[in-house]
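Here are my notes for you, written as a colleague would jot them down. Have the model open while you read.

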Amino acid sequence: MNRLFEEINNRELRKWDEGISSDIYEIRFGDVAFQYHLYGGGLDYCIVQLRSLKDVDSFVVIGDKNVESVGRKIVDRLQGKYHSSLLTFECTEKNKNLQMLESLIDKVIKLKATRKTCIIGLGGGISGNMSGMVAALMFRGIRFVHIPTTLLAISDSVLSLKQAINSNSGKNLIGLFHAPEMVIANIDFLQSLPKKEVVSGVCEVIKNALTILPETIETLEGLLDPESKYSEEDYRYFITMSIEAKTLVMRNDPYEKHEALILEYGHTIGHAIELSDAGNITHGEAIGLGMLCAADISRMLGYLSDKDVQLHRALLSKAGAAGAIPRHIDPETILSIMKYDNKRGYVENDGGTFHLVLLESIGKPLKNGEKPLTPVPDEIIRKAVGALHA
Ligand SMILES: NC(=O)c1ccc[n+]([C@@H]2O[C@H](COP(=O)([O-])OP(=O)(O)OC[C@H]3O[C@@H](n4cnc5c(N)ncnc54)[C@H](O)[C@@H]3O)[C@@H](O)[C@H]2O)c1
(Lines give C-alpha, C1' and ligand atoms only; values in the text may rest on other atoms or scores of the structure.)
Protein backbone atom coordinates (compact mmCIF):
# COMPACT_ATOMS: atom_id res chain seq x y z
CA MET A 1 0.00 0.00 0.00
CA ASN A 2 2.79 2.44 0.85
CA ARG A 3 4.32 2.25 -2.62
CA LEU A 4 1.02 3.27 -4.17
CA PHE A 5 0.59 5.96 -1.56
CA GLU A 6 4.02 7.44 -2.23
CA GLU A 7 3.23 7.69 -5.92
CA ILE A 8 0.40 10.07 -5.21
CA ASN A 9 1.55 11.84 -2.07
CA ASN A 10 4.57 13.44 -0.58
CA ARG A 11 4.89 11.60 2.66
CA GLU A 12 7.33 12.80 5.22
CA LEU A 13 8.03 11.32 8.62
CA ARG A 14 9.13 14.01 10.99
CA LYS A 15 10.39 13.34 14.48
CA TRP A 16 8.98 15.81 16.93
CA ASP A 17 11.45 16.89 19.61
CA GLU A 18 9.28 15.60 22.46
CA GLY A 19 9.64 12.15 20.97
CA ILE A 20 6.28 12.39 19.23
CA SER A 21 6.47 11.22 15.66
CA SER A 22 4.08 12.73 13.21
CA ASP A 23 3.29 11.68 9.68
CA ILE A 24 2.70 14.67 7.46
CA TYR A 25 0.77 14.07 4.26
CA GLU A 26 0.50 16.58 1.46
CA ILE A 27 -3.13 16.13 0.41
CA ARG A 28 -3.91 17.19 -3.15
CA PHE A 29 -7.46 17.38 -4.45
CA GLY A 30 -7.23 18.97 -7.92
CA ASP A 31 -5.59 22.40 -7.49
CA VAL A 32 -6.22 22.41 -3.74
CA ALA A 33 -3.43 21.26 -1.42
CA PHE A 34 -3.19 21.14 2.34
CA GLN A 35 -1.12 19.41 5.00
CA TYR A 36 -2.52 16.58 7.02
CA HIS A 37 -0.63 15.94 10.28
CA LEU A 38 -1.19 12.58 11.95
CA TYR A 39 0.29 12.11 15.41
CA GLY A 40 -0.35 10.74 18.88
CA GLY A 41 0.48 12.73 21.97
CA GLY A 42 -0.22 15.92 23.90
CA LEU A 43 -1.34 19.31 22.63
CA ASP A 44 2.16 20.81 22.24
CA TYR A 45 2.57 19.56 18.70
CA CYS A 46 -0.84 20.95 17.71
CA ILE A 47 -0.14 24.38 19.25
CA VAL A 48 3.19 24.68 17.44
CA GLN A 49 1.47 23.92 14.11
CA LEU A 50 -1.22 26.53 14.78
CA ARG A 51 1.36 29.12 15.79
CA SER A 52 3.29 28.45 12.58
CA LEU A 53 0.41 29.74 10.44
CA LYS A 54 1.47 33.04 8.88
CA ASP A 55 -0.61 36.21 8.88
CA VAL A 56 -3.25 35.11 11.39
CA ASP A 57 -4.41 37.69 13.96
CA SER A 58 -6.93 35.61 15.92
CA PHE A 59 -8.37 32.14 16.30
CA VAL A 60 -11.96 31.10 16.92
CA VAL A 61 -12.35 27.46 17.92
CA ILE A 62 -15.81 26.12 17.04
CA GLY A 63 -16.03 22.95 19.04
CA ASP A 64 -18.22 20.07 20.01
CA LYS A 65 -19.48 20.42 23.61
CA ASN A 66 -18.18 16.93 24.36
CA VAL A 67 -14.59 18.05 23.75
CA GLU A 68 -14.97 21.48 25.34
CA SER A 69 -12.10 20.89 27.79
CA VAL A 70 -9.72 20.30 24.87
CA GLY A 71 -10.99 23.47 23.18
CA ARG A 72 -10.42 25.44 26.38
CA LYS A 73 -6.82 24.20 26.61
CA ILE A 74 -6.12 25.09 22.96
CA VAL A 75 -7.51 28.60 23.42
CA ASP A 76 -5.55 29.14 26.67
CA ARG A 77 -2.34 28.05 24.97
CA LEU A 78 -2.91 30.39 22.00
CA GLN A 79 -3.84 33.40 24.17
CA GLY A 80 -1.11 35.94 24.63
CA LYS A 81 0.14 35.79 21.08
CA TYR A 82 -3.34 35.81 19.48
CA HIS A 83 -6.81 36.87 20.46
CA SER A 84 -8.44 33.44 20.82
CA SER A 85 -11.98 32.37 21.65
CA LEU A 86 -13.96 29.20 22.07
CA LEU A 87 -17.54 28.65 20.89
CA THR A 88 -19.14 25.29 21.56
CA PHE A 89 -22.44 23.72 20.59
CA GLU A 90 -24.16 20.40 21.08
CA CYS A 91 -23.25 18.35 18.02
CA THR A 92 -26.39 16.52 16.91
CA GLU A 93 -27.84 16.09 13.42
CA LYS A 94 -30.81 18.19 14.62
CA ASN A 95 -28.48 21.09 15.44
CA LYS A 96 -26.61 20.84 12.14
CA ASN A 97 -28.96 23.42 10.65
CA LEU A 98 -29.30 27.01 9.42
CA GLN A 99 -30.37 28.40 12.82
CA MET A 100 -27.25 27.07 14.54
CA LEU A 101 -25.10 28.27 11.64
CA GLU A 102 -26.53 31.79 11.87
CA SER A 103 -26.12 31.90 15.64
CA LEU A 104 -22.45 30.83 15.37
CA ILE A 105 -21.76 33.38 12.63
CA ASP A 106 -23.32 36.14 14.79
CA LYS A 107 -21.06 35.13 17.67
CA VAL A 108 -17.96 35.12 15.45
CA ILE A 109 -18.85 38.62 14.17
CA LYS A 110 -19.35 39.86 17.75
CA LEU A 111 -15.88 38.54 18.59
CA LYS A 112 -14.67 41.15 16.07
CA ALA A 113 -13.32 38.57 13.65
CA THR A 114 -11.29 39.96 10.75
CA ARG A 115 -10.14 38.59 7.42
CA LYS A 116 -7.08 37.34 9.30
CA THR A 117 -9.12 35.24 11.73
CA CYS A 118 -8.62 31.50 11.48
CA ILE A 119 -11.57 29.26 12.34
CA ILE A 120 -10.69 25.93 13.96
CA GLY A 121 -13.21 23.11 13.70
CA LEU A 122 -12.74 20.90 16.77
CA GLY A 123 -14.76 17.69 17.07
CA GLY A 124 -16.41 15.14 14.82
CA GLY A 125 -17.94 15.53 11.37
CA ILE A 126 -20.74 17.76 12.65
CA SER A 127 -18.54 20.45 14.15
CA GLY A 128 -16.18 20.09 11.15
CA ASN A 129 -19.02 20.75 8.71
CA MET A 130 -20.49 23.55 10.79
CA SER A 131 -17.17 25.37 11.26
CA GLY A 132 -16.35 24.84 7.57
CA MET A 133 -19.63 26.56 6.67
CA VAL A 134 -18.88 29.44 9.09
CA ALA A 135 -15.36 29.90 7.66
CA ALA A 136 -16.64 29.79 4.06
CA LEU A 137 -19.42 32.33 4.63
CA MET A 138 -17.58 34.85 6.84
CA PHE A 139 -16.42 37.69 4.56
CA ARG A 140 -16.91 35.24 1.65
CA GLY A 141 -14.24 32.93 3.01
CA ILE A 142 -11.68 33.01 5.81
CA ARG A 143 -9.02 30.54 6.91
CA PHE A 144 -9.90 27.22 8.37
CA VAL A 145 -8.12 24.38 10.21
CA HIS A 146 -9.59 21.01 11.17
CA ILE A 147 -8.76 19.34 14.48
CA PRO A 148 -10.85 16.18 14.16
CA THR A 149 -11.63 14.12 17.28
CA THR A 150 -13.69 11.16 15.98
CA LEU A 151 -12.45 8.30 13.82
CA LEU A 152 -15.01 9.21 11.18
CA ALA A 153 -13.77 12.80 11.05
CA ILE A 154 -10.06 11.85 11.11
CA SER A 155 -10.39 9.24 8.35
CA ASP A 156 -13.21 10.66 6.28
CA SER A 157 -14.98 13.98 6.74
CA VAL A 158 -11.87 16.22 6.99
CA LEU A 159 -10.57 14.63 3.78
CA SER A 160 -13.05 16.56 1.69
CA LEU A 161 -13.76 20.06 0.45
CA LYS A 162 -17.50 19.56 0.98
CA GLN A 163 -19.15 21.43 3.85
CA ALA A 164 -22.86 20.99 4.49
CA ILE A 165 -25.74 21.29 6.93
CA ASN A 166 -29.15 19.64 6.93
CA SER A 167 -32.43 21.19 5.77
CA ASN A 168 -35.79 20.16 7.22
CA SER A 169 -36.20 17.79 4.27
CA GLY A 170 -32.90 15.98 4.16
CA LYS A 171 -29.28 15.54 5.05
CA ASN A 172 -26.51 17.82 3.77
CA LEU A 173 -28.86 19.63 1.36
CA ILE A 174 -27.39 23.10 2.10
CA GLY A 175 -23.70 23.38 1.48
CA LEU A 176 -20.66 24.62 -0.37
CA PHE A 177 -16.98 23.83 -0.88
CA HIS A 178 -14.31 25.24 1.39
CA ALA A 179 -10.86 23.77 1.87
CA PRO A 180 -9.07 23.52 5.18
CA GLU A 181 -5.60 25.00 5.30
CA MET A 182 -4.37 22.22 7.55
CA VAL A 183 -5.63 19.13 9.35
CA ILE A 184 -4.09 18.25 12.72
CA ALA A 185 -5.24 14.77 13.72
CA ASN A 186 -4.28 13.42 17.14
CA ILE A 187 -4.94 9.69 17.49
CA ASP A 188 -4.97 10.06 21.30
CA PHE A 189 -8.38 11.76 21.06
CA LEU A 190 -9.82 8.40 20.03
CA GLN A 191 -9.20 6.97 23.50
CA SER A 192 -12.34 8.65 24.86
CA LEU A 193 -14.54 7.82 21.87
CA PRO A 194 -17.56 5.61 22.71
CA LYS A 195 -17.58 2.21 21.02
CA LYS A 196 -20.53 3.04 18.74
CA GLU A 197 -18.61 6.04 17.36
CA VAL A 198 -15.56 3.87 16.66
CA VAL A 199 -17.81 1.40 14.81
CA SER A 200 -19.25 4.33 12.85
CA GLY A 201 -15.79 5.39 11.63
CA VAL A 202 -14.78 1.83 10.79
CA CYS A 203 -17.87 1.43 8.54
CA GLU A 204 -16.58 4.22 6.26
CA VAL A 205 -13.11 2.60 6.28
CA ILE A 206 -14.76 -0.66 5.12
CA LYS A 207 -16.50 1.32 2.37
CA ASN A 208 -13.10 2.57 1.12
CA ALA A 209 -11.77 -1.00 0.99
CA LEU A 210 -14.83 -2.44 -0.80
CA THR A 211 -15.03 0.34 -3.37
CA ILE A 212 -11.51 1.64 -4.00
CA LEU A 213 -8.80 -0.51 -2.37
CA PRO A 214 -9.93 -4.16 -2.49
CA GLU A 215 -6.30 -5.23 -1.98
CA THR A 216 -6.58 -4.01 1.63
CA ILE A 217 -9.62 -6.17 2.48
CA GLU A 218 -7.66 -9.13 3.82
CA THR A 219 -5.51 -7.02 6.18
CA LEU A 220 -8.52 -4.97 7.22
CA GLU A 221 -10.55 -8.09 7.98
CA GLY A 222 -7.71 -9.30 10.21
CA LEU A 223 -7.78 -6.08 12.21
CA LEU A 224 -11.54 -5.73 12.68
CA ASP A 225 -12.84 -6.33 16.18
CA PRO A 226 -16.53 -6.48 17.18
CA GLU A 227 -15.50 -4.99 20.56
CA SER A 228 -13.68 -2.10 18.85
CA LYS A 229 -10.49 -2.69 20.81
CA TYR A 230 -7.94 -1.15 18.49
CA SER A 231 -4.29 -0.24 18.99
CA GLU A 232 -2.74 3.01 17.78
CA GLU A 233 -1.18 0.99 14.97
CA ASP A 234 -4.58 -0.35 13.90
CA TYR A 235 -5.97 3.19 13.83
CA ARG A 236 -3.00 4.36 11.78
CA TYR A 237 -3.76 1.61 9.25
CA PHE A 238 -7.45 2.64 8.99
CA ILE A 239 -6.51 6.30 8.61
CA THR A 240 -3.65 6.00 6.09
CA MET A 241 -5.66 3.53 4.03
CA SER A 242 -8.53 6.03 3.92
CA ILE A 243 -6.21 8.91 3.01
CA GLU A 244 -4.90 6.80 0.16
CA ALA A 245 -8.36 5.75 -1.05
CA LYS A 246 -9.79 9.26 -0.94
CA THR A 247 -6.76 10.81 -2.62
CA LEU A 248 -6.93 8.24 -5.42
CA VAL A 249 -10.46 9.21 -6.44
CA MET A 250 -10.34 12.92 -5.55
CA ARG A 251 -6.99 14.00 -6.99
CA ASN A 252 -8.73 14.57 -10.36
CA ASP A 253 -12.22 15.09 -9.00
CA PRO A 254 -11.93 17.50 -6.05
CA TYR A 255 -15.61 18.40 -6.07
CA GLU A 256 -16.77 14.77 -6.04
CA LYS A 257 -18.94 15.00 -9.15
CA HIS A 258 -17.47 12.18 -11.25
CA GLU A 259 -15.26 9.25 -10.16
CA ALA A 260 -15.24 10.42 -6.52
CA LEU A 261 -19.01 9.84 -6.41
CA ILE A 262 -17.97 6.30 -5.49
CA LEU A 263 -17.42 7.71 -1.97
CA GLU A 264 -21.21 8.00 -1.81
CA TYR A 265 -21.53 4.20 -1.87
CA GLY A 266 -24.29 3.25 0.59
CA HIS A 267 -25.11 6.92 1.19
CA THR A 268 -28.44 7.42 -0.64
CA ILE A 269 -30.22 4.72 1.36
CA GLY A 270 -27.89 5.22 4.36
CA HIS A 271 -28.64 8.95 4.73
CA ALA A 272 -32.37 8.17 4.61
CA ILE A 273 -31.96 5.54 7.36
CA GLU A 274 -29.87 8.00 9.41
CA LEU A 275 -32.49 10.73 9.12
CA SER A 276 -35.39 8.33 9.83
CA ASP A 277 -33.73 7.31 13.08
CA ALA A 278 -32.12 10.64 14.00
CA GLY A 279 -30.07 10.51 17.14
CA ASN A 280 -30.12 6.73 17.50
CA ILE A 281 -28.12 5.39 14.61
CA THR A 282 -24.67 6.77 13.85
CA HIS A 283 -23.72 8.10 10.42
CA GLY A 284 -21.31 5.23 9.70
CA GLU A 285 -23.66 2.48 10.83
CA ALA A 286 -26.43 3.90 8.64
CA ILE A 287 -24.00 3.94 5.71
CA GLY A 288 -23.12 0.32 6.52
CA LEU A 289 -26.80 -0.63 6.21
CA GLY A 290 -26.99 1.43 3.01
CA MET A 291 -24.03 -0.57 1.64
CA LEU A 292 -25.76 -3.87 2.48
CA CYS A 293 -28.84 -2.70 0.52
CA ALA A 294 -26.67 -1.45 -2.37
CA ALA A 295 -24.82 -4.78 -2.53
CA ASP A 296 -28.10 -6.71 -2.56
CA ILE A 297 -29.47 -4.45 -5.32
CA SER A 298 -26.33 -4.99 -7.41
CA ARG A 299 -26.79 -8.75 -6.91
CA MET A 300 -30.45 -8.52 -8.03
CA LEU A 301 -29.31 -6.61 -11.14
CA GLY A 302 -26.87 -9.43 -11.97
CA TYR A 303 -23.55 -7.86 -11.01
CA LEU A 304 -22.33 -8.77 -7.50
CA SER A 305 -22.34 -12.45 -6.50
CA ASP A 306 -23.82 -13.95 -3.32
CA LYS A 307 -20.21 -14.24 -2.09
CA ASP A 308 -19.63 -10.51 -2.64
CA VAL A 309 -22.78 -9.63 -0.67
CA GLN A 310 -21.62 -12.00 2.06
CA LEU A 311 -18.24 -10.22 2.12
CA HIS A 312 -20.02 -6.91 2.86
CA ARG A 313 -21.97 -8.60 5.64
CA ALA A 314 -18.92 -10.33 7.13
CA LEU A 315 -16.79 -7.17 7.26
CA LEU A 316 -19.54 -5.05 8.82
CA SER A 317 -20.42 -7.77 11.31
CA LYS A 318 -16.76 -8.22 12.30
CA ALA A 319 -16.63 -4.45 12.91
CA GLY A 320 -19.59 -4.78 15.31
CA ALA A 321 -21.99 -2.87 13.03
CA ALA A 322 -25.75 -3.46 12.82
CA GLY A 323 -26.87 -6.01 10.25
CA ALA A 324 -30.53 -4.98 10.04
CA ILE A 325 -32.58 -1.80 9.68
CA PRO A 326 -34.30 -1.11 13.03
CA ARG A 327 -37.87 -2.44 13.06
CA HIS A 328 -39.46 0.88 13.98
CA ILE A 329 -38.28 2.51 10.73
CA ASP A 330 -40.94 2.26 8.03
CA PRO A 331 -39.33 1.34 4.66
CA GLU A 332 -41.69 3.83 2.97
CA THR A 333 -40.20 6.63 5.11
CA ILE A 334 -36.77 5.66 3.81
CA LEU A 335 -37.99 5.83 0.20
CA SER A 336 -39.70 9.16 0.72
CA ILE A 337 -36.55 10.73 2.27
CA MET A 338 -34.48 9.35 -0.62
CA LYS A 339 -36.51 11.55 -2.99
CA TYR A 340 -34.53 14.53 -1.62
CA ASP A 341 -31.10 12.92 -2.10
CA ASN A 342 -28.50 15.55 -3.01
CA LYS A 343 -27.21 13.62 -6.03
CA ARG A 344 -30.44 14.21 -7.96
CA GLY A 345 -29.86 15.94 -11.29
CA TYR A 346 -26.41 14.50 -11.96
CA VAL A 347 -28.06 12.27 -14.58
CA GLU A 348 -31.45 12.45 -16.32
CA ASN A 349 -34.24 10.74 -14.39
CA ASP A 350 -37.51 9.92 -16.10
CA GLY A 351 -39.24 9.06 -12.81
CA GLY A 352 -39.84 5.79 -10.98
CA THR A 353 -36.14 5.27 -10.34
CA PHE A 354 -33.43 6.39 -7.93
CA HIS A 355 -29.83 6.82 -9.03
CA LEU A 356 -27.60 4.79 -6.76
CA VAL A 357 -23.86 4.23 -6.50
CA LEU A 358 -23.41 0.50 -7.06
CA LEU A 359 -20.52 -1.91 -7.56
CA GLU A 360 -20.04 -3.99 -10.71
CA SER A 361 -17.61 -6.13 -8.72
CA ILE A 362 -15.66 -5.61 -5.51
CA GLY A 363 -13.43 -2.55 -6.05
CA LYS A 364 -15.09 -1.64 -9.37
CA PRO A 365 -17.89 0.93 -9.61
CA LEU A 366 -20.83 0.28 -11.91
CA LYS A 367 -20.63 3.09 -14.49
CA ASN A 368 -23.46 4.80 -16.33
CA GLY A 369 -21.59 6.89 -18.92
CA GLU A 370 -19.00 8.86 -16.94
CA LYS A 371 -20.66 8.63 -13.57
CA PRO A 372 -20.98 5.74 -11.15
CA LEU A 373 -24.75 6.28 -10.79
CA THR A 374 -27.21 3.56 -11.83
CA PRO A 375 -30.97 4.07 -12.21
CA VAL A 376 -32.74 1.56 -9.94
CA PRO A 377 -36.54 1.08 -10.00
CA ASP A 378 -38.40 1.82 -6.73
CA GLU A 379 -39.59 -1.81 -6.41
CA ILE A 380 -36.03 -3.16 -6.32
CA ILE A 381 -35.08 -0.67 -3.61
CA ARG A 382 -38.24 -1.57 -1.67
CA LYS A 383 -37.28 -5.25 -1.93
CA ALA A 384 -33.69 -4.68 -0.71
CA VAL A 385 -34.78 -2.41 2.16
CA GLY A 386 -37.55 -4.87 3.11
CA ALA A 387 -35.13 -7.81 3.14
CA LEU A 388 -32.87 -5.94 5.58
CA HIS A 389 -35.65 -4.96 7.94
CA ALA A 390 -35.21 -6.39 11.46
N1 LIG B 1 -17.42 15.35 3.32
C2 LIG B 1 -17.99 15.67 4.45
O3 LIG B 1 -18.12 16.81 4.74
C4 LIG B 1 -18.50 14.58 5.35
C5 LIG B 1 -18.10 13.24 5.17
C6 LIG B 1 -18.56 12.27 6.07
C7 LIG B 1 -19.43 12.62 7.08
N8 LIG B 1 -19.82 13.94 7.20
C9 LIG B 1 -20.75 14.34 8.26
O10 LIG B 1 -20.13 14.07 9.52
C11 LIG B 1 -21.13 13.79 10.48
C12 LIG B 1 -20.77 12.55 11.24
O13 LIG B 1 -19.52 12.76 11.87
P14 LIG B 1 -19.15 12.02 13.24
O15 LIG B 1 -19.44 10.60 13.10
O16 LIG B 1 -17.80 12.45 13.61
O17 LIG B 1 -20.28 12.56 14.21
P18 LIG B 1 -20.36 13.66 15.35
O19 LIG B 1 -19.69 14.90 14.97
O20 LIG B 1 -21.78 13.70 15.73
O21 LIG B 1 -19.56 12.99 16.56
C22 LIG B 1 -20.04 11.78 17.09
C23 LIG B 1 -20.19 11.84 18.62
O24 LIG B 1 -18.91 11.75 19.23
C25 LIG B 1 -18.74 12.79 20.20
N26 LIG B 1 -17.30 13.05 20.27
C27 LIG B 1 -16.54 13.72 19.38
N28 LIG B 1 -15.24 13.58 19.69
C29 LIG B 1 -15.18 12.82 20.80
C30 LIG B 1 -14.11 12.32 21.59
N31 LIG B 1 -12.82 12.51 21.25
N32 LIG B 1 -14.41 11.57 22.67
C33 LIG B 1 -15.71 11.31 23.00
N34 LIG B 1 -16.76 11.73 22.28
C35 LIG B 1 -16.50 12.49 21.18
C36 LIG B 1 -19.62 13.89 19.69
O37 LIG B 1 -19.99 14.78 20.71
C38 LIG B 1 -20.81 13.13 19.14
O39 LIG B 1 -21.68 12.81 20.19
C40 LIG B 1 -22.45 13.66 9.73
O41 LIG B 1 -23.20 14.83 9.91
C42 LIG B 1 -22.01 13.54 8.28
O43 LIG B 1 -22.97 14.04 7.39
C44 LIG B 1 -19.37 14.90 6.38
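The points below go from the ligand to a few helices and then to some single residues.

1. First, some ground rules. This is a predicted model, in which local features need pLDDT of at least 70 and side-chain atom pairs count only at pLDDT 80 or more, while totals for chains, interfaces and linings use all residues. Residues are numbered from 1 along each chain as its sequence is written.

2. Start with the ligand. Its shell holds 28 residues, the closest being Asn66, Gly124, Gly125, Ile126 and Ser160; a residue belongs there if its C-beta atom, placed from the backbone, lies within 6 Å of the molecule. Sorted by class, the shell has 15 polar, 7 nonpolar and 6 charged residues. Here Ala, Val, Leu, Ile, Met, Phe, Trp, Tyr, Cys and Pro count as nonpolar, Asp, Glu, Lys and Arg as charged, and the others, Gly among them, as polar.

3. Which helices each supply at least two residues of that shell? They are helix 5 (125-137), helix 6 (151-157) and helix 7 (195-211). Helices (H or I, at least four residues) and strands (E, at least two) are DSSP runs, numbered from the N terminus.

4. Now stay with helix 5. Its 13 residues should span 18 Å at 1.5 Å a residue, and the end C-alpha atoms are indeed 18 Å apart, so the two agree. (The expected span is 1.5 Å times one less than the number of residues.) Just after helix 5 comes Phe139, with a positive phi near 50°.

5. Is helix 5 mostly covered or mostly open? Mostly covered: 11 of its 13 residues are buried, including Gly125, Ile126, Met130 and Val134. Buried means that 20 or more other C-beta atoms lie within 10 Å of the residue's own, exposed means 12 or fewer, and partly exposed is in between, with C-beta atoms placed from the backbone.

6. Look at how helix 5 meets helix 4 (residues 98-110). Their axes come within 10 Å and cross at roughly 55°, which makes helix 4 oblique to helix 5. Axes are lines fitted to C-alpha atoms, for helices over the stretch in contact, and angles run from 0 to 180 degrees between N-to-C directions. Under 35 degrees counts as roughly parallel, over 145 as roughly antiparallel, 65 to 115 as roughly perpendicular and the rest as oblique. The crossing is right-handed, meaning that the near helix is turned clockwise from the far one by less than a right angle (anticlockwise would be left-handed).

7. Helix 13 (residues 331-338) and helix 14 (residues 378-387) are worth a look too. Their axes come within 10 Å and cross at roughly 135°, so helix 13 is oblique to helix 14. This crossing is right-handed.

8. Two loop residues deserve a check of their backbone angles. Asp55 is not a glycine, yet has a positive phi of about 65°. Asp55 sits in the loop between helix 2 (44-51) and strand 4 (58-64) and is exposed, with 8 other C-beta atoms within 10 Å. Lys112, not a glycine either, has a positive phi of about 65°. You'll find Lys112 in the loop between helix 4 and strand 6 (117-123), and with 10 C-beta neighbours inside 10 Å it counts as exposed.

9. Finally, two leucines. Leu78, in helix 3 (residues 68-78), is buried, with 21 other C-beta atoms within 10 Å. Leu366, in the loop between strand 13 (364-365) and strand 14 (374-377), has 19 C-beta neighbours inside 10 Å, so it counts as partly exposed.
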